[in-house]
Amino acid sequence: MDPIQLICDIGEINEVFTDARSIEAFLQKIVNMVARHLDAAVCSIYLYEEAKKELVLKATCGLETDYRDSIRLKYGEGLTGLALKELRPVYERVGKSHPKFKFIPGIAEEKFDAFLAVPIIRGISRIGVLVVQRENRREFKEKDIQTLRAVASQLANMLENARLLIYLKSGSIIDKKPRFRIPKVLKGKVASQGFAIGPIRIIDKDKNFETIEKRNFSKNYDINDFHKAIEITEHQLEDLQARVEEKLSDAASLIFTAQLLLLKDNEFVGTIGRKIEAGVSPPRAILTVTRHYIDIFSHGTNSYIKEKVKDIEDLSIRLLGNLVTEITDLYKCKDHIIVAKELFPSDILRLSSEQALGVVIVTGGVTSHLSILARSLQIPMVIIDSQKLFSVQDETRALLDAETGNLYINPLPEIISKISNRNLAKIRISSKKGQLQKHTYTKDGQRIRLCTNINLLSDISLARKIYTDGIGLYRTEFPFLIRNDFPSEEEQYVVYRRLIEKMPGKEITFRTLDIGGDKVLSYFDWTKEQNPFLGMRSIRFSLSNKELFRQQIRAILRAGIGASIRIMFPFISSVEEFLEAKTTVNQCLKELHQMKIAHNANPKIGIMIEVPAVIPIIDNLAKYADFFSIGTNDLIQYILAVDRTNEKVADLYVPHHPAVLRSIKLIADSAIRHNIGISVCGDMAHQKLYIPFLLGAGIHELSIDASFFPTVQNFISKLDLPDTQILTREALKAEKISEIAKIMT
Ligand code: PEP
Ligand code: MG
C-alpha cells in the first residue's frame with residue numbers, strides 16, 4: 001500500500017467531483033478506491049444528518065446491502081457513532097466483540113474482524129465517518145490509521161459538498177422552512193427593557209425593494225392618484241420629522257430631510273410623471289425610476305451614497321404604499337414587533353418614530369450602542385440568536401418580554417396576563433421612587449458625587465427629575481450615530497447648548513467623539529478593519545480627522561459659555577496622544593479668542609481611562625490632566641482581552657478579576673496623589689457588587705444612567721466608608737476571581 005499514491009488519487013477525484021453526474025457514483029468510487037489502497041475488505045461512508053442527529057450509510061463496498069439510506073446510526077451509537085461523537089479514530093482488532101459494536105442484521109458484517117472508523121470533520125462541522133474493515137484477523141497498523149485520517153481530512157471538503165447536494169436533492173434542505181418547528185418561547189438577551197405585545201413584522205432591508213419590484217399591481221391608477229400619493233407622503237414625512245424632533249432633538253435636522261428633498265426633486269418626480277403620461281402604470285413608473293436611481297448610486301462604493309440609496313428605496317416604498325391599496329399595510333412598522341437581522345442606529349430612530357412596539361434583533365449583529373439608543377428611546381429590544389425566527393409568519397402574535405429576554409410566539413392568555421400584571425406592578429413601584437436625597441452620603445457621612453450619563457438629549461428629562469451632581473459622561477457620538485450625515489459645528493453647538501441650558505448650574509463632561517469599534521457611522525466610508533476594537537477608533541479617529549475634531553471642540557467651547565464644562569478624551573494610550581488632543585483644544589481656544597467668538601475659556605481637560613497601556617504611565621499622565629474618569633466597560637475588555645459585545649466570551653468578562661481591581665486602585669491612587677479628579681463612568685459604577693470596592697479605593701465620584709439613580713443613592717446611604725475600605729483591602733489581596741467574588745457578595 002502506498003499512502004502517497006492514495007492521496008494523489010483523491011486529488012484527481014476532486015476534479016471528477018466537480019462535474020460528477022451522480023453523487024452516489026462518486027461516493028462509490030471513493031469507497032472502492034480507499035478499500036483497494038488500504039487492502040480492506042470493506043470501506044463505507046456514513047454521512048451525518050444533523051437535523052435527525054443520525055449517521056446514514058451512503059456508500060459501501062464489501063457490505064451486503066442495497067438499502068443504504070435505511071442503515072442509520074444514532075449520534076454516538078456503535079463504534080462508528082462513537083468515532084463521530086468523540087472526534088477520534090476508533091480501532092478494534094475484533095470490532096464485533098466490542099460491547100459498543102452495533103449489530104445490523106442482513107449486511108453480513110459479522111464475518112469481519114478488524115474495524116477502523118475515523119471521523120470526517122471540516123472546521124468544526126461533523127460531516128460523517130469513514131469505516132474500513134478486514135477479515136481473517138488481519139489487523140490495521142498505526143500507519144493505516146494515519147493514512148485513513150489523512151484521507152478523511154482530504155475528503156472532508158468534497159464530502160461536505162456531497163452531503164449538501166444529497167440533502168438538496170432529497171428536498172430536506174429546501175423543505176427546511178416548513179419543517180422548522182417554531183418554538184413557543186425564544187430566549188434572548190435584553191438590550192433595552194420593556195414589554196410589548198402585538199403582531200410580528202419581519203424586516204429584511206436588503207430584500208424589501210426587490211420583493212416589491214417583482215409584484216404585479218392592478219392598473220387602476222392614474223396621474224391624479226400619483227399626485228395624491230405625493231401629497232400624502234409629504235405630510236407623513238413632515239409628521240415623522242416633527243415626531244423625531246420632539247423625541248430626539250439631537251437628530252432633529254434631518255433624518256427624513258433627504259427623502260423630503262427627493263420628493264420635491266423635479267428630476268425624480270418629473271420623470272415618474274412623464275412615464276405615467278406616456279402610458280406606464282403609476283406603480284411601475286415609480287419602481288422603474290427608483291431602480292434607475294438605485295443602479296446609478298449602487299455603482300459607488302461610498303457609504304454615504306449607499307445611505308442615500310436606502311433613502312430612495314424607503315421613499316419609493318412609502319410612495320407606493322400611499323398609491324396602491326395592495327401594499328398599504330405591508331412594510332409598515334406601527335404597532336408591530338419588528339424582527340430584523342441588522343439595524344443601524346438611524347433605523348432604530350425611524351422605527352421609534354413610526355411607533356414600532358419593540359425590536360428583536362436576530363444574531364449578534366448588534367452594537368452596544370444600538371442598545372443604548374433603544375434604551376434612550378424607550379423601545380424594548382431583545383437580541384435572539386436563532387434563525388428560526390425568520391420562519392415565523394408576518395402578523396403572528398407575539399409577546400416581547402424585554403425584562404427577561406423572552407419572546408413568546410402566539411402567547412397563551414395566562415402568560416399575557418401574568419407578564420402584563422408584573423409589568424403594571426413595576427410601573428407602580430417606579431412611579432413611587434420619590435424619596436430622593438439632594439446629595440448622596442454614605443452612612444457615616446462621606447459625601448459622594450453622584451453624576452449622570454447622558455447619551456441623547458431625551459435622557460435629560462429623567463436626569464432633571466433626580467438630584468444629579470452633574471453630567472459625568474455625555475457621549476457626544478450619539479448625534480453622529482443616529483443621523484445620516486455628519487453634523488456641522490453649528491448643529492453640534494445647538495445640541496450641546498441645549499444640554500447645558502437644560503442642566504443649569506451643573507458641571508458637564510463632554511466626552512469627545514468615540515466612534516469606530518462597534519460604533520460605525522453608516523454614512524462614513526470606513527475602511528474595513530480586521531480588529532475594529534484595536535483599530536481606528538475614538539481619539540485616534542479624531543486626531544486623524546483634525547478638522548472634524550476641531551469643529552467638535554469649537555462647538556463644545558462655544559456652547560459651554562457661562563457653564564462649568566470638562567472635555568474628556570476617550571481611548572487615550574500615550575502621553576503624546578493626550579498632549580496632541582489637548583493642544584487642539586488650546587488652538588481652538590486661541591482662535592475663538594482672536595475671532596472674538598464667545599466661548600468658555602477654562603474647560604477642565606481630562607482622560608478617559610480605558611486602555612491598559614496607560615496604567616504603568618499613569619503618573620506621567622496625571623501631571624498633564626485635570627481629571628481621570630475610568631471607562632470600565634472598555635478597560636475590562638482590554639485588560640482581559642474579552643470583546644464586550646461577544647456573547648461567546650461573556651463569561652470571561654469579569655469586572656472583579658484581580659487584574660481589573662488592582663488596575664483601578666493604581667489609577668485612583670495616582671489621581672489622589674496628584675490631587676486631580678477621579679471618577680468611574682462605566683457600568684461598574686451602578687453595580688451594587690462593585691460600588692463598595694470603588695468607594696473603598698478612594699473613588700468618591702460615580703457617573704451612572706439616571707434610571708439607576710434612586711437605587712444607587714439608597715445603596716450608598718447604607719454603606720460605611722471604613723467597611724468599604726476593609727473590603728477593598730481584602731479584595732486587593734486575593735489571588736483568585738472566586739475569592740474576590742466571595743469577599744464581595
Ligand atoms: C466605558 O468604556 O466604560 C464607557 C463608559 O464608554 P462606552 O461605554 O461609551 O464605551
Ligand atoms: Mg468606552
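**A tour of the ligand 1 site**

Begin by selecting ligand 1 in this predicted model: 15 residues surround ligand 1, and the closest of them are Arg475, Arg511, Gly631, Asn633 and Arg644. By residue class, this shell comprises seven charged, five polar and three nonpolar residues.

Next, select Arg644 and display its side chain. A polar side-chain atom of Arg644 lies 2.7 Å from an oxygen atom of ligand 1. Move then to Glu610, where a polar side-chain atom is placed 3.0 Å from an oxygen atom of the ligand. For Gly631, show the backbone instead: one of its backbone N or O atoms lies 3.3 Å from an oxygen atom of ligand 1.

With these contacts in view, switch on the surface of the ligand. Taken alone, ligand 1 exposes 290 Å², and the protein buries 100% of that area.

Now colour by secondary structure and select β17 (470-475) together with α22 (632-640); these are the elements that contribute two or more residues to the shell around ligand 1. Of the two, turn to α22, which supplies the largest share of the shell, three residues.

Finally, zoom out to the whole chain. The chain contains 27 helices and 23 strands. Of its 745 residues, 53% are buried. Display the contacts between residues at least 6 apart in sequence: 66% of them join residues at least 24 apart. To close, render the surface of the chain, which exposes about 33,900 Å², with carbon and sulfur atoms supplying 52% of that area.

Definitions and conventions. Residues are numbered from 1 along each chain as its sequence is written. Chains are lettered from A and ligands numbered from 1 in the order in which they are written. This is a predicted model: local features need pLDDT of at least 70, side-chain atom pairs count only at pLDDT 80 or more; totals for chains, interfaces and linings use all residues. Side-chain values use heavy atoms; hydrogens and water are left out. A residue is near a molecule or strand if one of its heavy atoms lies within 4 Å of it. A polar contact is a pair of N or O atoms within 3.5 Å; within protein, one must be able to donate a hydrogen and the other to accept it, and residues adjacent in sequence count only if both atoms are side-chain atoms. Accessible areas come from the Shrake-Rupley method with a 1.4 Å probe; for residues, only the protein chains shown count as cover. Helices (H or I, at least four residues) and strands (E, at least two) are DSSP runs, numbered from the N terminus. Ala, Val, Leu, Ile, Met, Phe, Trp, Tyr, Cys and Pro count as nonpolar, Asp, Glu, Lys and Arg as charged, and the others, Gly among them, as polar. Buried means under 20% relative accessible area, exposed over 50%, partly exposed in between (1.4 Å probe, protein chains only). Contact means heavy atoms within 4.5 Å.
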